[in-house]
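Here is a short briefing to read beside the structure. Keep the sequence at hand and find each residue as it comes up.

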Amino acid sequence: MELLMFYGFGLLALFAGVAMILSRQPVTSALLMILNMFCLSALYALLDAHLIAVLQLLVYAGAIMVLVLFVIMLLNLREKKGIITKHQASLQVVGVAAFGFFVMTVVSRLNTAALPKSKAASAGFGTVEAVGRILFTDYVLPFEIASVLLLAAIVGAVMLAKSKV
Amino acid sequence: MADIFPGPDIFPAGMLPSLVEMMAKIIFIFTMNMGVFAPLLGWVERKQSALMQDRIGANRADILGFTVFGLLHTLTDAIKLLTKEDFIPEGADRPLHYLAPFIAVVPALIAFAVIPFGGQYDLWGHKTNLVIADLDVGVLFVFAVASISTYGSVIAGWASNNNWSLLGGVRVAAQMLSYEVAMGLALVGIFMVYGTLRLTDIGVAQENFLHWGIFLQPLGFILFITCALAENKRTPFDIPEAESELIAGYFTEYSGLKFAMFWMAEFLEMVTISGVLVALFFGGWQIPFVSGAALARLFGFLGPNLAQVAVMLVHVAVFWAKILLWIFILMLIRWTLPRFRYDQVMKLGWKIILPLSLINILVTGLVMLLVK
Amino acid sequence: MSGAYKKVNRGVTLTLWERLYFPEVIRGVLIAAGHFVPNFVSVTKAYFGGKPSDRKIMTIYYPEEKPVLPEAYRGKPVLVRARDGRGKCVACGLCEVACPPKCISIVGGQREDGTRYPVTYVLNGAVCIFCGFCEEACPEEAIVMSDRYEGLCEYDRKPMVYDKEALLVPEEKLTRRLDYIRRRMYGKWNY
């Protein structure tokens, strides 16, 4: 059952990701990305990481993608022809080559690296309490640095916006 | 979510009662929402607004001369909406136009999965917990699902190929985004006080009348109900569908059953909001000054199991009565206040509610430190 | 951008209490509830076997309940049939002249006993504007405005042209209006 769901959501996520890149309409791309995030959240839930799953849904699918959609709709982006017209063929070749190299690297690593045996999650894994405890003990420094970084970004955004008005 | 997605051992021998219980709960919630509230709230809204404005309201539809307070208008509405032409405008994005109403309705329904409509009861040796999914993340799940429902309106606005719809969709996006943040922060105080996100635990903690959320977090309550009204897109905050400006906003181009689905989503959201309000601030299924144990003693003459059943029924009834009361109050607010302007909505969200909710967190933390 | 627009003071200055907004919201909701509760009680009472007057809402359930019209109400103009069975009209033609849309046309005649009467009296109801000038002009109290307001509209113009038979109404049924005319209108004109 769990395996079936994993494959279902995984395939859907892959499909959404690929379709998002291939789609020419910005809004469709954004919606496919939301679908992708939704599937990721379901995968997190299958891994017993409920808090992460809900946060993924809440923050990425629920807030950030709404913002992206908002901007797309505000600018009224419709279907566009490719922006790059010069050297298109050579760029495509380079892109395919780079992607192939990436895939090969990943595959070779997967072959050699010893994957950790999956084990049942311990009781209380993924709960709000457990995640909070880890976040504020072991990872408190990265957490605080991230918050300062975000604060700086907010202040910067406000400054940029203010100079324009 | 472990309850919804059990592992490979989905059907061991002892699971059958749990499965039956789960199905019963899901069916109960589904019928309450889709069968009772979704159709009836349309009637309640008409009739209540009429009486508030010294009017009579819908009273003409009758079967053999019986009007039943105009209740039959629900039926006529259903027939009308079912038989209406389902129009899709030219140039609309057809698949998305189809999809949008479903995205709007489904989250409103599944958000109720984590709201407990009763406590825990020991029925014939089987532990029954009256909530569909007793998630550890509790309220966050409601938020996540509510944020998904935003897409229903946004996609509807975009897919309709209509300027008013698009403006409505843009407004929905902006409003939802602004108030989601404030709503989450407004509830942090409650989580701090009760020390849990699990709605059943919060319900149990409110057994003492003076420990109800409204007394422990009055400011949080006011902020939350304001944000909830904004999330519901009803009148004081109905700029996305402002009739006088945008015709009907994001669902201008919808007709027939799909139009009805947007209304249903709005009403179901109202039920969900009332459910969250009751579960967090108004003691859930608890009766003031009457504990579950005292009730069980009162029904003691029925024997231990039947007494538990009686207590359960009373608690469920109390919960839904509270929800009805809150729906009444939400309707009162909706028919009392005029619509905010767009800039007022944004100002209220970012400059007033957000700072106030941060202050609320700070004060709650300080008080908790002092009390400890 | 500041300075590009002018601030207008509409003469509304709110006190701090009002600017807090929330207390005012509660006040408004309470006012609305104060309308809801009595109406709810009274409507429920009227529905379950009470009198319609138990309802405090002023709305009239029209086809089932009819409004009580004021005596000054101007409905369909009718000719008065006196108690002896004859019409009061003497075919003087004053109403014909007074009528602004000219909807009345009379052909006068004389009876055996020398009294005058209208041979035909046609009032085109589709043209009538219900102004009541004919009533004011009439020296004989022969044409008055009744309180009839139903059944005046047709899908065709022909049935709306009333002849004498369609207009004549016994005097007994018009006493209220006749009293009103004598009391109010004649007093107005210092008869």
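A nonpolar patch lies on the surface of this predicted model. I63(B), L64(B), F66(B), V68(B), L75(B), I79(B), Y47(C) and F48(C) make it, and it covers about 890 Å². Start there, then move on to charge, salt bridges and backbone angles.

**Surface patches**
- F66(B) is one of the residues of the nonpolar patch. Look for F66(B) in the loop between α1 (15-52) and α2 (72-83) of chain B.
- Is F66(B) buried or exposed? Its relative accessibility is 58%, so F66(B) counts as exposed. The cut-off for exposed is over 50%.
- A second patch carries positive charge. K162(A), K347(B), K351(B), K7(C) and R19(C) gather in this patch on the surface.
- K7(C) sits in the segment before α1 (16-19) of chain C. K7(C) counts as exposed because its relative accessibility is 73%.

**Salt bridges**
- Side chains of opposite charge can pair when their charged atoms come close.
- How many salt bridges does the structure hold over all chains? The count is 19.
- In chain B, the side chains of E45(B) and R234(B) form a salt bridge, with N to O at 2.4 Å. This pair links distant parts of the chain, 189 residues apart. E45(B) belongs to helix α1 of chain B, while R234(B) lies in the loop between α8 (218-232) and α9 (243-246).
- Both partners have a low exposure value. E45(B) has 8% relative accessibility, so it counts as buried. R234(B) is buried too, with a relative accessible area of 2%. Buried means under 20%.
- In chain C, E171(C) forms a salt bridge with K88(C), and their closest N and O atoms are 3.3 Å apart. The two residues are 83 residues apart and link distant parts of the chain. E171(C) is in the loop between β6 (168-170) and α6 (175-188), and K88(C) is in the loop between β1 (77-81) and α3 (94-98).
- E171(C) counts as buried because its relative accessibility is 11%.
- E135(C) forms a salt bridge with R177(C), the closest N and O atoms being 2.7 Å apart. Here the pair joins helix α4 (residues 133-137) of chain C, home of E135(C), to helix α6, home of R177(C). The partners are 42 residues apart.
- Are E135(C) and R177(C) buried or exposed? E135(C) counts as buried at 5% relative accessibility, and R177(C) counts as buried at 6%.
- Salt bridges that share partners also build a network. The network joins E45(B), R234(B), E266(B) and R334(B).

**Backbone angles**
- Most residues other than glycine have a negative phi.
- D54(B) has a positive phi, near 60°. D54(B) is in the loop between α1 and α2 of chain B. With a relative accessible area of 35%, D54(B) is partly exposed.
- F130(C) also has a positive phi, near 55°. Find F130(C) in the loop between β3 (116-124) and α4 of chain C. F130(C) counts as partly exposed at 26% relative accessibility.

**Confidence**
- What ipTM and pTM does the predictor give the complex? The ipTM is 0.72 and the pTM is 0.77.
- Chain C has an average pLDDT of 83. In chain C, 95% of the residues score at least 70.

Notes:
Residues are numbered from 1 along each chain as its sequence is written. Chains are lettered from A and ligands numbered from 1 in the order in which they are written. This is a predicted model: local features need pLDDT of at least 70, side-chain atom pairs count only at pLDDT 80 or more; totals for chains, interfaces and linings use all residues. Side-chain values use heavy atoms; hydrogens and water are left out. Patches are made of residues with over 30% relative accessible area and no salt bridge: like charges are joined within 9 Å, nonpolar side chains (Val, Leu, Ile, Met, Phe, Trp, Tyr) within 5 Å. Accessible areas come from the Shrake-Rupley method with a 1.4 Å probe; for residues, only the protein chains shown count as cover. A salt bridge is a side-chain nitrogen of Lys or Arg within 4 Å of a carboxyl oxygen of Asp or Glu. Lys and Arg count as positive and Asp and Glu as negative; His and the chain ends are not counted. The place of a charge is taken as NZ of Lys, CZ of Arg, CG of Asp or CD of Glu. Helices (H or I, at least four residues) and strands (E, at least two) are DSSP runs, numbered from the N terminus. Buried means under 20% relative accessible area, exposed over 50%, partly exposed in between (1.4 Å probe, protein chains only). pLDDT is the predictor's confidence in each residue, from 0 to 100.
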